[in-house]
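Biologist: Mind walking me through this model? I'd like to know what stands behind the labels.

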Amino acid sequence: MRQATDRSFAIAARLVAATALFALLTAASPASARDRPLTVVTTIAQIGEPLRTIAGDRAEVKSLLGEGVDPHLYRPTRSDVAMLAAAEVVFWSGLNLEAQMKDTLGRLAATRPVVAIAERLPPSALLATPGAPHDPHVWMDPDLWRQALAAAVYTLVAADPAGGEGYRARAQAYFVRLTELDAYIRTVIASIPAGARTVVTAHDAFNYFGARYGLDVIGIQGISTEGEAGLAAVEGLVALLVERRIPAVFVETSVPERHVRALIEGAAARGHTVVIGGALYSDAMGAPGSWEGTYIGMLDHNATILARALGGTAPAGGLAGRLAAPIQQGGRP
Ligand SMILES: [Zn+2]
């Protein structure tokens, strides 16, 4: 575990060397003189919430996109632009996820570190996808996301060197928890019968998850939520549901349910009953302060309800129920 973490730090160190140098050259004041927390703004909360844990009291980390917000479509508001302009460091995911924010973020990059953390991963780690060079939903693989977060940690250390030891120690502790999450997901997904490992959901956000844990993943909409699902695609999926006897399909908290409902009705018309297996967190996390409002809680929730709905088993309370120390108050899966 320690070795894996060190290795991801080493990879990230090489990948962000240029960013770190930039941050050192442009730091407003010497680290020893810093008398207030570093101000950090992120686009999606899947970056912001882990970094808040890792930053401790060294940085104030805010995320622009809240519960249920779709990053493919999100346009920055005036208050977002003001918040970004006041930030010392900005993190986004990149790979065209925040498609409507690229210009705003590009302009900010002239005056402070602005890091697309998923773009710091080696291209060979990324999935190709029809219609786009890379699938942006990297956070669905906690091992890849750990490496992307490690790149962000290096940028934080470069911007606030006096806090370096603390950032690294808290990151190591957090990354151990990600390793535990990964092992939990692997166990519960492996409990799904081999013939039932097909996940049909609203849009193509789960390919990294499927690739890591051995699930067939089918999104009704494509990689981005910008396009509409065609009728032919829906009819083809209905045929697949009937043919494979797939018992459940899934909705997503940040995508409208209507296409998923069309599938259920289509399957019913052919005499096959499909239920909604639950709502998955895909591009947005749950409510701040809840377990699903954390990155680990979001993936715990997804893995736990997928396993149960597709005929596998998951412990009561999911991963949250297994953790020795209470991490966050709030709902359990
Ligand atoms: Zn998406």
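Biologist: What share of contacts between residues at least 6 apart in sequence join residues at least 24 apart?

Modeller: In the protein chain that share is 68%, where a contact means two C-beta atoms, placed from the backbone, within 7 Å. Keep in mind that this is a predicted model: local features need pLDDT of at least 70, side-chain atom pairs count only at pLDDT 80 or more, and totals for chains, interfaces and linings use all residues. Residues are numbered from 1 along each chain as its sequence is written.

Biologist: Why is Arg 245 called exposed?

Modeller: Exposed means 12 or fewer other C-beta atoms within 10 Å of a residue's own, buried means 20 or more, and partly exposed is in between, with C-beta atoms placed from the backbone. Arg 245 has 12 C-beta neighbours inside 10 Å, so it counts as exposed.

Biologist: And what makes Asn 96 partly exposed?

Modeller: Asn 96 has 18 other C-beta atoms within 10 Å, and 18 falls between the two cut-offs, so partly exposed is the label. Its phi is near 70 degrees, a positive value in a residue other than glycine.

Biologist: How do you know that the largest nonpolar core lies between domain 1 and domain 2?

Modeller: That core has 94 residues; a nonpolar core is a set of buried Ala, Val, Leu, Ile, Met, Phe, Trp, Tyr and Cys residues joined through C-beta atoms within 7 Å. Domain 1 (2-181) and domain 2 (186-322) both contribute residues, so the core lies between them. The domain bounds come from an automatic or database domain assignment.
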